[in-house]
Amino acid sequence: MRTTYCSLVDQYLPKYLEDDVSSVRKEQIKEHLSSCPDCRGDYKRLKFVLSHLSQVEEYCS
Ligand SMILES: [Zn+2]
């Protein structure tokens, strides 16, 4: 089930992964991720993509 937290996570996930959100927001997102499999899936996917990207950047530099 999509909730308002789902759209919040959608919106802030990239920043969350870059550790570029306030601690309050971070807690909200973390808490939502632990209770929402949908968003957790998005989180894992995005995290995978980002870690892959940073590896590529390291490789190129
Ligand atoms: Zn969600």
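**The core and the two helices around it**

Let me begin with the largest nonpolar core, which in this predicted model has six residues, namely Val9, Leu13, Tyr16, Ile29, Leu33 and Cys39. Two or more of these residues come from each of helix 1 and helix 2, the latter covering residues 23–35, and it is helix 1 that gives the most, with three residues. As general background, nonpolar side chains in soluble globular proteins tend to be buried together.

If we take valine 9 as one member of that core, and leave aside its neighbours within four places in sequence, we find valine 9 in contact with Ile29, His32, Leu33 and Cys39.

Turning to how the two helices meet, helix 1 and helix 2 pack at an angle of about 115 degrees, their axes being 10 Å apart, and helix 1 passes helix 2 in a left-handed crossing. On the side of helix 1 the residues involved are Tyr5, Leu8, Val9, Tyr12 and Tyr16, and these meet Arg25, Lys26, Gln28, Ile29, His32 and Leu33 in helix 2. Sorted by class, that contact has seven nonpolar, two polar and two charged residues.

Finally, is aspartate 10, the residue after valine 9 in the numbering, buried or exposed? Aspartate 10 lies in helix 1, which covers residues 4–17, and aspartate 10 counts as exposed because 12 other C-beta atoms lie within 10 Å, where the cut-off for exposed is 12 or fewer. As for its distance from serine 35, aspartate 10 and serine 35 are 25 residues apart in sequence and, C-alpha to C-alpha, 15 Å apart in space.

Terms used
Residues are numbered from 1 along each chain as its sequence is written. This is a predicted model: local features need pLDDT of at least 70, side-chain atom pairs count only at pLDDT 80 or more; totals for chains, interfaces and linings use all residues. Helices (H or I, at least four residues) and strands (E, at least two) are DSSP runs, numbered from the N terminus. A residue is buried if 20 or more other C-beta atoms lie within 10 Å of its own, exposed if 12 or fewer, and partly exposed in between; C-beta atoms are placed from the backbone. A nonpolar core is a set of buried Ala, Val, Leu, Ile, Met, Phe, Trp, Tyr and Cys residues joined through C-beta atoms within 7 Å. Two residues are in contact if their C-beta atoms, placed from the backbone, lie within 7 Å. Axes are lines fitted to C-alpha atoms, for helices over the stretch in contact, and angles run from 0 to 180 degrees between N-to-C directions. A crossing is left-handed if the near helix is turned anticlockwise from the far one by less than a right angle, and right-handed if clockwise. Ala, Val, Leu, Ile, Met, Phe, Trp, Tyr, Cys and Pro count as nonpolar, Asp, Glu, Lys and Arg as charged, and the others, Gly among them, as polar.
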